[in-house]
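Here is a set of short exercises to work through with the structure open beside you. Try each task before you read its solution.

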Amino acid sequence: MRVTLLGTGTPTPRLSAFSASTLVEAGPEKLIFDFGRGSTIRLFQKKIPIGTITAHFITHLHSDHVVGLPDMWLTGWIGTPFGSRKTPMVIFGPKGTVAMTENLTRAFSEDIRIRIADEGYSPAGVAFDAKDVEPGPVYEKNGVKVSAIEVNHGEKIKPSFGYVVEYDGKKLVLSGDTKPDERVVKAADGADLLIHEVAVIDPDLFKAYPNYRAIENHHTSPEEAGKIFTQAKPKLAVYSHIVFASQPPTQDVPEDALLQRTRTTYQGPLVIGHDLMSFVISDHVESFAPDGSPMKPLTTDK
């Protein structure tokens, strides 16, 4: 399996970190998990035609995880080297996913009508093959198995999923957005790669923006994430969907502080994700920087 971080950020419109999206390539399958802002741009940078994605998965319906869906759907249909989808867009997600695709089809009906009439595109390529799913196996094809696990993103955000991808005896776990959850630990037990969210919010923000308290309560702190990594013992732990908020705002996440807090509970190999980093899972897990050069995970070795 090859795993590429297309977006490691949040709703914050940072230039360096688009919102959540991950590409998984396993055998002939190309799978997308979440549709963050700019996910199509990242695919273009990787020279992967949008129309070649075989299946798409949504963790939950917060806007920063689905705002890129119309772009992925419609741009992938355009008859160009970067699009050219000719079959329905296969998509799985929590309850509300099917309704969202139906409403998007209505919202963009005029664009669809024009392109079919003017450019002769097949209606099949702009159709959705969408399913609302429950926890458990949701997709199995060409030796690739994808299962949804329910996670705790808060009492009012249900259901919210993480996903497990298995191929050729290897296992990848994506936590989705979650508070610390034993179900993630169980799913990631002995995984080759565990990609987990993390949140660091400056307490000074709570006075001016009380909503940040609710945001903090829906996510996992570095110390809590470290405990999860220590319990699950993946070959490699990776941070993505890095929730970072400070006063005044900064463009980049202070990685040293994030690492220091994680190291209070976890001493194993860790990568702090950046957009376009990738990981190859074989007998071991190799890490690659956004420019494609090999990189070493952070360890406690001197």
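Two residues are in contact when they have heavy atoms within 4.5 Å of each other. Keep in mind throughout that this is a predicted model.

**Exercise 1. The overall fold**

Task: Find what share of the contacts between residues at least 6 apart in sequence join residues at least 24 apart, and describe the overall build of the protein.

Solution:
- Step 1. Start with the secondary structure: the protein has 10 helices and 16 strands.
- Step 2. Turn to compactness. The radius of gyration is 19 Å, close to the 19 Å that the globule rule gives for 302 residues, so the protein is as compact as a globular protein of that length.
- Step 3. Look at the extent of the C-alpha trace, which spans about 60 × 50 × 35 Å along its principal axes.
- Step 4. Consider burial: of the 302 residues, 53% are buried.
- Step 5. Now the contacts. Taking those between residues at least 6 apart in sequence, 63% join residues at least 24 apart.

**Exercise 2. A pair of helices**

Task: Work out how the axes of helix α9 and helix α10 cross, and which residues meet there.

Solution:
- Step 1. Recall what to look for: two packed helices are described by the angle between their axes and the distance between the axes.
- Step 2. Locate α9 at residues 222-232 and α10 at residues 255-262; their axes come within 7 Å and cross at roughly 55°. That angle makes α9 oblique to α10.
- Step 3. Assign the hand: the crossing of α9 past α10 is right-handed.
- Step 4. List the residues. From α9 come Pro-222, Glu-223 and Gly-226, and they meet Leu-258, Arg-261 and Thr-262 of α10.
- Step 5. Sort them by class: the contact has 2 nonpolar, 2 polar and 2 charged residues.

**Exercise 3. Unusual backbone geometry**

Task: Inspect the peptide bond from Lys-158 to Pro-159, then the phi angles of Asn-142 and Asp-168.

Solution:
- Step 1. The bond from Lys-158 to Pro-159 has omega near -10° and is cis. Pro-159 belongs to the loop between β8 (144-150) and β9 (161-167).
- Step 2. Asn-142 is not a glycine, yet its phi is positive, near 55°. You will find Asn-142 in the loop between β7 (136-141) and β8. Its relative accessibility is 43%, so Asn-142 counts as partly exposed.
- Step 3. Asp-168, also not a glycine, has a positive phi of about 55°. Its place is the loop between β9 and β10 (170-174). With 64% relative accessibility, Asp-168 counts as exposed.

**Exercise 4. Three residues and their surroundings**

Task: Decide whether Val-198, Gln-231 and Gln-267 are buried, partly exposed or exposed, and place each one in the fold.

Solution:
- Step 1. Use the cut-offs: buried means under 20% relative accessible area, exposed means over 50%, and partly exposed is in between.
- Step 2. Val-198 sits in strand β11 (residues 193-201). Its relative accessible area is 0%, so Val-198 is buried.
- Step 3. Set aside the neighbours of Val-198 within four places in sequence; its contacts then include Thr-220, Tyr-239 and His-241, as well as Pro-222 and Leu-258. The last two also take part in the helix pair of Exercise 2, Pro-222 from α9 and Leu-258 from α10. Thr-262 is 64 residues from Val-198 in sequence, and their C-alpha atoms are 9.9 Å apart.
- Step 4. Gln-231 is part of helix α9. At 41% relative accessible area, Gln-231 is partly exposed. Beyond its neighbours within four places in sequence, Gln-231 is in contact with Glu-182 and Val-185. From Gln-231 to Ser-21 there are 210 residues in sequence and 26 Å in space, C-alpha to C-alpha.
- Step 5. Gln-267 lies in the loop between α10 and β13 (270-272). A relative accessible area of 45% makes Gln-267 partly exposed. Thr-300 is 33 residues away from Gln-267 in sequence and 6.1 Å away in space, C-alpha to C-alpha.

Terms used:
Residues are numbered from 1 along each chain as its sequence is written. This is a predicted model: local features need pLDDT of at least 70, side-chain atom pairs count only at pLDDT 80 or more; totals for chains, interfaces and linings use all residues. Side-chain values use heavy atoms; hydrogens and water are left out. Axes are lines fitted to C-alpha atoms, for helices over the stretch in contact, and angles run from 0 to 180 degrees between N-to-C directions. Helices (H or I, at least four residues) and strands (E, at least two) are DSSP runs, numbered from the N terminus. Angles under 35 degrees count as roughly parallel, over 145 as roughly antiparallel, 65 to 115 as roughly perpendicular and the rest as oblique. A crossing is left-handed if the near helix is turned anticlockwise from the far one by less than a right angle, and right-handed if clockwise. Ala, Val, Leu, Ile, Met, Phe, Trp, Tyr, Cys and Pro count as nonpolar, Asp, Glu, Lys and Arg as charged, and the others, Gly among them, as polar. Buried means under 20% relative accessible area, exposed over 50%, partly exposed in between (1.4 Å probe, protein chains only). The radius of gyration is taken over C-alpha atoms; the globule rule is 2.2 Å times the number of residues to the power 0.38.
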